[in-house]
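Me: Please walk me through the salt bridges of this model. Keep it brisk.

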Amino acid sequence: MKLYFLSTAVVTTTFIYQSYALPFDQAEEEFSYTRKLLSEIDVQEAVKQASPLINILSWDESYAKAKMLVDQMSLEQKVNITTGIGWQTGPCVGNNGRTTSPDFPELCLQDSPLGMRFADGVSSGVAGINAAASFDRAAIRKRGEYMGEEFRAKGAHIQLGPSMNMLRAPEAGRNWEAFGEDPFLVGVASAETITGIQSQGVMAVAKHLIGNEQETNRLVHSANIDERTIQEVYLWPFARSVEAGVASVMCAYNKINGVYACESDYAINKLLKGQLGFKGFVQSDWSATHSTVDSANNGLDMTMPGDISFYSGDSYFGKNLTDAVQAGRVQEDRVTDMVMRIVASWYKLGQDQNFPNTNFHSFRPELDKHIDVQSDHKNLIREMGAASTILLKNLENILPLRTSGIKKMAIIGSDATTNQLGLECEDHGCASGSIASGWGSGTSRYPYLVSPLDGIRARAGNIIDITEHLRDDDLPVAAELASKANIAIVCVNANSGEEYITIKAVADANENTIVVIHSVGPILMPWSNHPNIKAIVLPGLPGQESGNSLADILFGDVNPSGRLPYTIAKRKEDYPAKIDHGMSFEYSEGINIGYRWFDKNGIEPLYEFGYGLSYTSFEYRDININLNQGTANDNVDVQASVTIANTGMVDGAEVPQAYITFPEIADEPPKLLRGFEKIFLGKGSEQVVNFSFRKTELSYYSVESHQWVVPQGEFKVHIGSSSRNIRSSATFTLS
Ligand code: BGC
C-alpha cells in the first residue's frame, strides 16, 4: 500500500546520520549512562551562578569593551578564538580556543533549538513547529527564557537555535525544528525565541543561513533562489532576528546560487552584515567550512567544530588562517573583525560576569556533574503542549469528552505508549512508541515522556474503563476492542506508513473514533472524511508532557487554540515543492510558498494555514482602519482594529490573523500574513484587538531598485480566524 505520510522523520535520520556516521557511532558506545546522584552543592552553585539578572548591553557598548581586550591580542590569539578545537574534543558539540593574557574563555556551543542535547537533568519541551502552532508570542518568549535558563545553568554560552528554515517541501526532514511555512510567523517566532534565550545571558544562534530547506544532498547541493524570493521569504526571519539582537548566525551546509553558504560574499557580507547590519558573528555549520581565504574574506567569523572534517586534526582556520594573513591573502583587520564580533557578543550578553563553568559533558558522562536544571519548566511545557494542539475536526461536538457519559474507552496504536528503546536512544534516532519530538541534532533527551495512555489514564482512569491495544498490527483485535467501546482513540504518528490502515480498521468498528496525530509536519489524510471519525486532534510534537497536554485537550480542561503553521493539502501533488535529489535546483515557486501557492492557484486545501477549531465560538465585528500616516513612504503607519467576542459556552483563546492584499503593482500573492495575536476571552466577553502595519509589513522587494518599497495604491486588510476564514475586510489607500 501507498505511504501516506508526507513527513517521514526517516528523511532526517538518513541524512543526519550520513554526515555524522562516525561520531554518532562513537558517541553511542561511550554513552553507557550511569546517573550520578546530584550533590546539593553542585545544584546550589549552579542555581546561584545562573542569576537571571542580565544587563544586555548595546552593540556599541559591547564593541567598546571588546576593543580593549582584543587590542591586547596577538594574531595567533585572535585566530585561536575563531577556531573550534575539534569534534568531540571539548565538553560541548562545539568549543573554540581560549586565550590567556589577555584571558578569553573557551565558549561552549551546544544544540539544540528545543532544549539541551547530550545532557541529562534538562527539559525536553515542544518542538519549534509546535511553538509556532501556539501562535502565542508570550508563550514562545517564555519557552526561550526557560531554555536559556537551562543552558546558562549548565554553563553553555551559546544555544544552537532557533532554527528558522522555511517549511517549503513537506517531506523535508527538519521542518519540525523550525516554525512553518510563513515568513511573518517564522520571523515573529524566531525573534521571540531569541529575545527569550538572550534574556538569560545565553547567546542565541539564528540558523541556517540560508536555503537549507531539505536534508537530501545538503552538504553539496545548490539551492538556487531568486533575489526577490530570498528577500521576501528566506532572509525575512534573519532580518527579524538581527532586529532582536541575535548574537550569532550559523551559515548552512548547502550552496546558495552555486556558492557554499559559509563562503558566500552575497549571503554573509552583502545581505547579513551589509543590508541587515548584523553585528554579531557568523559560525559555520558543523564542517560546513570549505576554504581558508574565501571563507575568511567572505565573512565567516568562526569555524565549527574546527576540524576540516571530524577528527581530521587540521583546520581551515587555525594555522592555515595565520599563514594566510602572513602571506597577505587575508588582512589582519579581517581577523580582528572576526574576534571583535565574537568578543563583543560575549560582553553583550554579560558573559564576562559570573557565567557558570560548563558542568556537563556531551561525550564523557564520567566528567558530567549531572546537574538538574529543570526547575518547574514542565508546567510551561504542558501548557504549551496543549496550547499548540490543533483540533482539526470535531463532529457533533464529540470533544471535549464528558467522562460521565463514557463507560468504556479503547486506546489503540503503538503511538499511545512508550518503550525503553524509544526513550533512551540517542537523539531519538531509533524512535519507537509515541513520538513527541523529531530526531537528529535538534533534540534533547527526555527526562521522561508522559505517553498518551498515561496522560489519559491519569485524568480519567478511575472513571472510565480503559482497554488498550498498543500495536499497529493484529487489526481484527483492534477492531474487536473498538467495537466494544463507546469511544475509540487511535494514536498515530508520522514515523510509519501503516497507521492509516489501523485508523480505518478502528473507524469501521467504532462510530465514535478520535484520531490523535503525533507528526513532524503535514501529512496526507485520505481517511479524514470517514463518517465514524468524529474528531481529529493534531498535537504534533508536544515534548515530555505529551500525554498530559493531550488529556487537557480531550477532556476540556484546556480549550484548544493551536493553529496550523502549514497547509495540509488534499493531495501530495497540490504542494508546490518537493525534495529534489539533484545537486542544483530552483526554488521555482518563488515567493508563492505554502498557502500563497494554494491561494494563487485556486487549490482547495484539506486544512488551510492558520486553521484550528475551538470548543467555543468567536464573533468578529467592527473592523476599523486608521491611517496615522497614509503616504507610501518609509514612515507609513496604518492601524487596524477589530472587536472579537466569545459567543460560545466556554472560555477560550482565539488567534485573529491579519492578511494584507497589496496593490497590483507589487505583484504579490493574493494575501500575506502580516499580523496575529492570541487573546484569551472568557465566555460572553469581548475585546478590541489592534494591529499595526508599518514599512516592514507594507513593503515588497523591488528587483528594479533592489530595495524594499511601500507601493502606492489600494491595500486590503483581511482579519480572520485562518487564511481561508476571513471574517472582515477593509481597504485603505496609500498615496
Ligand atoms: C546541524 C546543526 C547543528 C550542528 C551541531 C549540524 O549537523 O545542521 O543544526 O547545530 O550539526 O550539532
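**Salt bridges and burial**

Me: Is Lys273 buried or exposed?
Reply: This is a predicted model. Buried means under 20% relative accessible area. Lys273 has a relative accessibility of 12%, so Lys273 counts as buried.

Me: Which residue meets the side chain of Lys273 in a salt bridge, at 2.9 Å from N to O?
Reply: Lys273 lies in helix H10, residues 265–275. The partner sits in the loop between helix H11 (293–297) and helix H12 (318–326), so the pair ties together parts 28 residues apart in sequence. The partner is buried too, with a relative accessible area of 0%. The residue is Asp301.

Me: How far apart in sequence are the parts that Arg457 and Glu468 tie together?
Reply: The side chains of Arg457 and Glu468 meet in a salt bridge at 2.4 Å, N to O. Arg457 lies in helix H16 (residues 452–460) and Glu468 in strand E12 (residues 465–469). The parts they tie together are therefore separated in sequence by 11 residues.

Me: Is Glu468 buried or partly exposed?
Reply: Buried requires under 20% relative accessible area, and exposed over 50%. Glu468 has 35% relative accessibility. Glu468 therefore counts as partly exposed.

Me: What separates the closest N and O atoms of Arg621 and Asp622?
Reply: Arg621 is partly exposed, at 28% relative accessible area. Asp622 is partly exposed at 47%. They form a salt bridge, and the closest N and O atoms are apart by 3.6 Å.

Me: Which residues do salt bridges with shared partners join into one network?
Reply: The structure holds 42 salt bridges. Those that share partners join these residues into one network: Lys273, Asp301, Arg334, Asp337 and Arg341.

Methods: Residues numbered from 1 in each chain as written. Predicted model: local features only at pLDDT ≥ 70, side-chain atom pairs only at ≥ 80, totals over all residues. Heavy atoms only, no water. Salt bridge = Lys/Arg side-chain N within 4 Å of Asp/Glu carboxyl O. Helix = DSSP H or I, 4+ residues; strand = E, 2+ residues; numbered from the N terminus. Buried < 20%, exposed > 50% of the residue type's maximum accessible area, 1.4 Å probe, protein only.
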